[in-house]
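Please walk me through this structure in connected prose, beginning with one of its helices and going on to its pockets.

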Amino acid sequence: MATLNDFVDEINHEISEYAESVKKELELKLDETATLILEYVISNTPRSGRKGAMADEFIKTDIGEGHTKTIVIHAKEKGRLVHLIEFGFQHKSGKYVAARPFMRPAFDYFTPKMLDDIRRIIRGN
């Protein structure tokens, strides 16, 4: 005969399994979205035509794991120049160099779908 403690233990076990499966799915979705964003950034970064283009510098770095996992997309060596191209700048000669955004559009395009997918994963659909 099953006791109340057995019933509670079974519920706890099911909740733990559900939480683990959701965590794995969320990590996969985060990795998938980061890869899509990275591909978009690499393909849409303005190229100068010279060797060592900034587009070839972009990488993704995982920080933490589980519910604290963060993925950072950045340029290895030329990161100090990204904001100048993204937002535009005033050249030292006085000429204004227009913005050529390539990172923000990637986040704006891929993030809403990722958030919808996360909601779907949590709901179990």
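In this predicted model, the buried residues of helix H3 are Ala106, Phe110, Met114, Asp117 and Ile121, and the partner against which the buried residues of H3 pack is helix H1, residues 4-44. Helix H3 itself covers residues 104-123, and because a rise of 1.5 Å a residue is expected, its 20 residues should span 28 Å, which agrees with the 29 Å that separates its end C-alpha atoms. Along its course H3 bends by about 30° at Phe110, with a proline, Pro112, following within four residues; Phe110 also belongs to the buried set named above. Just after the helix, Gly124 adopts a positive phi of about 85°.

Helices H1 and H3 appear again in the second largest pocket, which holds about 190 Å³ of space and is lined by Lys23, Leu26, Glu27, Leu30, Gly66, His67, Lys69, Met114 and Ile118. The elements that give two or more residues to this lining are H1 and H3, and H1 provides the largest share, four residues. By class, the lining of the second largest pocket comprises four nonpolar, two polar and three charged residues. Met114, one of its lining residues, is also among the buried residues of H3.

The largest pocket has a volume of about 400 Å³ and a lining of 16 residues, of which Pro46, Ser48, Met54, Leu81 and Ile85 lie nearest its centre. Helix H2, residues 79-87, gives the most to this lining, with three residues, while the lining of the largest pocket as a whole divides into nine nonpolar, two polar and five charged residues.

Definitions and conventions
Residues numbered from 1 in each chain as written. Predicted model: local features only at pLDDT ≥ 70, side-chain atom pairs only at ≥ 80, totals over all residues. Heavy atoms only, no water. Expected span 1.5 Å × (residues − 1). Bend = angle between axes of the 7 residues up to and from the residue. Buried < 20%, exposed > 50% of the residue type's maximum accessible area, 1.4 Å probe, protein only. Contact = heavy atoms within 4.5 Å. 1 Å grid on protein atoms, 1.4 Å probe; cavity = no way out; pocket = protein on both sides within 12 Å on 5 of 7 lines; lining within 4 Å. Points joined across faces, edges and corners; volume = space filled by probe spheres on them. Nonpolar A, V, L, I, M, F, W, Y, C, P; charged D, E, K, R; others polar.
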